[in-house]
Structures are given as C-alpha cells and as structure tokens.
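Biologist: I should like to learn how charged side chains and their surroundings are read from a model. May we work through an example together?

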Amino acid sequence: MLHGMSTTLEPSADRSADEVNEEIRALWFRSGGTLSLEQRREYQRLVLEWAAASSASSTTAA
C-alpha cells in the first residue's frame with residue numbers, strides 16, 4: 001500500500017498566481033538555490049497551486 005502526499009489541490013485562500021509566485025521565489029531565496037527534500041515537496045505543491053491559479057485567472061479573463 002502506498003502512502004504519500006496527496007496530488008489534489010486543496011483550496012487555500014484562493015491566492016492569485018502572483019502571490020503564489022512570490023512564495024516560490026521566497027522559497028528559492030531561503031534555500032540558497034538548493035532545495036532539500038522537504039523544500040522540493042513544498043515547491044511542487046506551490047507550482048501546482050500556481051498553475052491552478054494561473055488557469056483560473058486566464059479563464060476569468062477570457
């Protein structure tokens with residue numbers, strides 16, 4: 001049986017893609033450019049959140 005991190009996005013505070021991007025940049029800055037395993041997991045979660053926010057903003061803009 002596999003146990004792991006969920007790949008589904010949980011709705012957070014509906015942050016904008018720009019807000020999530022700022023958090024991604026801060027993560028890279030704090031890490032000094034090399035992510036630990038835990039930071040990679042956080043990065044992956046943030047990228048998925050950013051992609052969802054980007055998609056949502058382009059859908060509402062259209």
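Modeller: Let us begin with Arg 15. In this predicted model, Arg 15 is partly exposed, its relative accessible area being 24%.

Biologist: With which side chain does Arg 15 meet in a salt bridge?

Modeller: The general idea is that side chains of opposite charge can pair when their charged atoms come close. Here the partner of Arg 15 is Glu 23, with an N to O distance of 2.4 Å. Glu 23 is likewise to be read as partly exposed, because its relative accessible area is 26%, which lies between the 20% limit for buried and the 50% limit for exposed.

Biologist: Which other side chain meets Glu 23 in a salt bridge?

Modeller: Arg 45 does, at 4.0 Å from N to O. Arg 45 belongs to helix α2 (residues 37-61) and Glu 23 to helix α1 (residues 17-31), so this pair ties together parts that are 22 residues apart in sequence. The relative accessibility of Arg 45 is 32%, and the residue therefore counts as partly exposed.

Biologist: How far apart are the closest N and O atoms of Arg 45 and Glu 49?

Modeller: They are 3.1 Å apart, and the two residues form a salt bridge. Both residues lie in helix α2, four residues apart, which means that about one helical turn separates them.

Biologist: Is Glu 49 buried or exposed?

Modeller: Glu 49 is buried, with a relative accessible area of 11%; the cut-off for that class is under 20%.

Biologist: Which residues are linked in the network of salt bridges?

Modeller: The network links Arg 15, Glu 23, Glu 42, Arg 45 and Glu 49. The structure as a whole holds six salt bridges.

Biologist: How should I read the surroundings of a residue such as Leu 27, which lies in helix α1?

Modeller: One may start with accessibility: Leu 27 counts as buried, at 3%. One then lists its contacts, leaving aside neighbours within four places in sequence; for Leu 27 these are Leu 35, Gln 39, Glu 42, Tyr 43 and Leu 46. Glu 42, one of these contacts, is also a member of the salt-bridge network.

Biologist: What separation do the C-alpha atoms of Leu 27 and Tyr 43 have?

Modeller: Their C-alpha atoms are separated by 7.6 Å, while the two residues are 16 residues apart along the chain.

Notes: Residues numbered from 1 in each chain as written. Predicted model: local features only at pLDDT ≥ 70, side-chain atom pairs only at ≥ 80, totals over all residues. Heavy atoms only, no water. Buried < 20%, exposed > 50% of the residue type's maximum accessible area, 1.4 Å probe, protein only. Helix = DSSP H or I, 4+ residues; strand = E, 2+ residues; numbered from the N terminus. Contact = heavy atoms within 4.5 Å.
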